[in-house]
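Q: I've got a new model open and I'd like to learn how to read it. Can you walk me through it?

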Amino acid sequence: MEETRRTQVAIIGAGPSGLLLGQLLHKHGIDHVILESRSADYVLGRVRAGVLEQPTIAALREAGVGDRAEREGLRMNGFDLRWDEESCHIDFGRIGKHATVYGQTRVTRDLMDARRACGGITLYEAGDVRPHDIESQRPYVTYRHEGRECRLDCDFIAGCDGFHGVSRQSIPKNVLREYALTFPFGWLALLADVPPVSEEVAWINHAEGFLMCSLRSKTRSRYYVQVPSTEDIRQWDADRFWALYRSRLPRDLAEKLVTGPALEMSIAPLRSYVCTTMRHGRLFLVGDAAHIVPPTGAKGLNLAVGDAKELADGLLRHYRDRDTADLDGYCDRALARIWKAVRFSWWMTNLTHKMTDNPFARQMQLAEFEYTRGSEAAQIAIAENFCGLD
């Protein structure tokens, strides 16, 4: 090896979970290095959802990066469920909570800015990152950076490198416990500088497929429509998107729709996935490396933040108090939170999307909507799950 360095925690991945974990560790004086295979510009260019639960805002605040989200984010006091020409408003005020609309790209930028300000080490474009000896007391990570072969010795490795990352792949197959469900459709998304069609986010069930109205600001909107998983993004442009989208909107929203050029278009597959082996030896999985949820429940980023906070607290207790109880309980505590969020995202997906051509399934959806509209308890349950269960 041409270069070897030593740290306490090696973090693989500089997405929101890796950056947040780094800031929390920095606050407590725990030495760490972040390795990211992509460039900083690539990481910032990933457009994702951005509905933040109150515990997520609290974790960002603890890391010293919550001010801008609280100041510039849009307070979300509820959302609308729509079907045919009917609607039901889910009011978060009934449970004394709210959410904040603040894009994941902006969260990532805030974390990057904070990391630069504190002098934290993030090595972008680190190639061939590989964890080693994760079952031993002396794990390490090898990688290539700026033409050099490098080794990073550490006490622990945090795998924050997403669903396709190397961290989970480093756990022996006979140890991994995985649960997965892939839906036969995805979300075609369009981001545009147009005023939102609705003042509040709306989840809309149309007989031909789901659509969603969301907002990033009062002048920027992000819209989604259900398409088959076989769709090719190259066959879509803004005009085709707007035509399909308008055809599925309820009449009152269609009249308000303002169209414009697409800043970004993409198709995201919908799947549920949980790896319950969130720790193996000295390797911990964080965020999308361990779980994926359909975006229907707005849980992905919030779950990743929860994992990072959970792991940071455990590492703090290990180094400060020489107490491993929190690290030993990381999987159980994280999974208790994750499975409930996975359930809610799965339920919302089944409620709002066209799941099958069977007319009975459609009638069950309509009955569920009507029950929800007439039941305060059902509305409170949705609000509790959306805002995050304590």
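**Reading the model, step by step**

A: Let's start with one residue: Arg148 is partly exposed, with a relative accessible area of 28%. Keep in mind that this is a predicted model.

Q: Which side chain does Arg148 meet in a salt bridge?
A: That's Glu3, at 3.0 Å from N to O. The two sit in distant parts of the chain, 145 residues apart, with Arg148 in strand E12 (residues 148-153) and Glu3 in strand E1 (residues 3-6).

Q: Which residues are joined with Arg148 into one network by salt bridges that share partners?
A: Glu3, Arg5 and Glu146. For the wider picture, the whole structure has 32 salt bridges.

Q: What other salt bridge links distant parts of the chain?
A: Try Arg251 and Glu85, whose side chains meet at 3.9 Å, N to O. Arg251 belongs to helix H8 (residues 251-254), while Glu85 lies in the loop between E6 and E7, 166 residues away. Arg251 is exposed at 58% relative accessible area, and Glu85 is partly exposed at 37%.

Q: Now helices. How do I describe two that pack together?
A: In general, you give the angle between their axes and the distance between the axes. Here, take helix H1 (residues 16-27) and helix H5 (residues 104-118): their axes come within 10 Å and cross at roughly 35°. The crossing of H1 and H5 is left-handed.

Q: Which residues make that contact between H1 and H5?
A: On the H1 side they include Leu19, Leu20 and His26; on the H5 side, Leu111, Met112 and Arg115 are among them. The residues of the contact divide into 7 nonpolar, 5 polar and 1 charged.

Q: And sheets?
A: Strands of a sheet pair through backbone hydrogen bonds, either parallel or antiparallel. This model has an open sheet of 8 strands with mixed pairing, in the order E7-E6-E15-E16-E17-E14-E18-E21.

Q: Why is one side of E7 and of E21 left without a neighbour in the sheet?
A: Strand E7 (86-91) and strand E21 (291-292) stand at the edges, and each has a single partner strand, so one side of each has no neighbour there.

Q: How do E16 and E17 pair: parallel or antiparallel?
A: Antiparallel, over 5 bridges, with E16 spanning residues 209-215 and E17 spanning 221-228. You can find Leu215 opposite Ser221 in E17.

Q: Which helix packs on the sheet at about 85° to the direction of E17?
A: Helix H7 (residues 238-248), which touches several strands, including E16 and E17. Helix H11 (residues 330-352) packs on the sheet too, with its direction at about 130° to that of E18.

Conventions:
Residues are numbered from 1 along each chain as its sequence is written. This is a predicted model: local features need pLDDT of at least 70, side-chain atom pairs count only at pLDDT 80 or more; totals for chains, interfaces and linings use all residues. Side-chain values use heavy atoms; hydrogens and water are left out. Axes are lines fitted to C-alpha atoms, for helices over the stretch in contact, and angles run from 0 to 180 degrees between N-to-C directions. Helices (H or I, at least four residues) and strands (E, at least two) are DSSP runs, numbered from the N terminus. A crossing is left-handed if the near helix is turned anticlockwise from the far one by less than a right angle, and right-handed if clockwise. Contact means heavy atoms within 4.5 Å. Ala, Val, Leu, Ile, Met, Phe, Trp, Tyr, Cys and Pro count as nonpolar, Asp, Glu, Lys and Arg as charged, and the others, Gly among them, as polar. Two strands pair if DSSP finds at least two bridges between them. A salt bridge is a side-chain nitrogen of Lys or Arg within 4 Å of a carboxyl oxygen of Asp or Glu. Buried means under 20% relative accessible area, exposed over 50%, partly exposed in between (1.4 Å probe, protein chains only).
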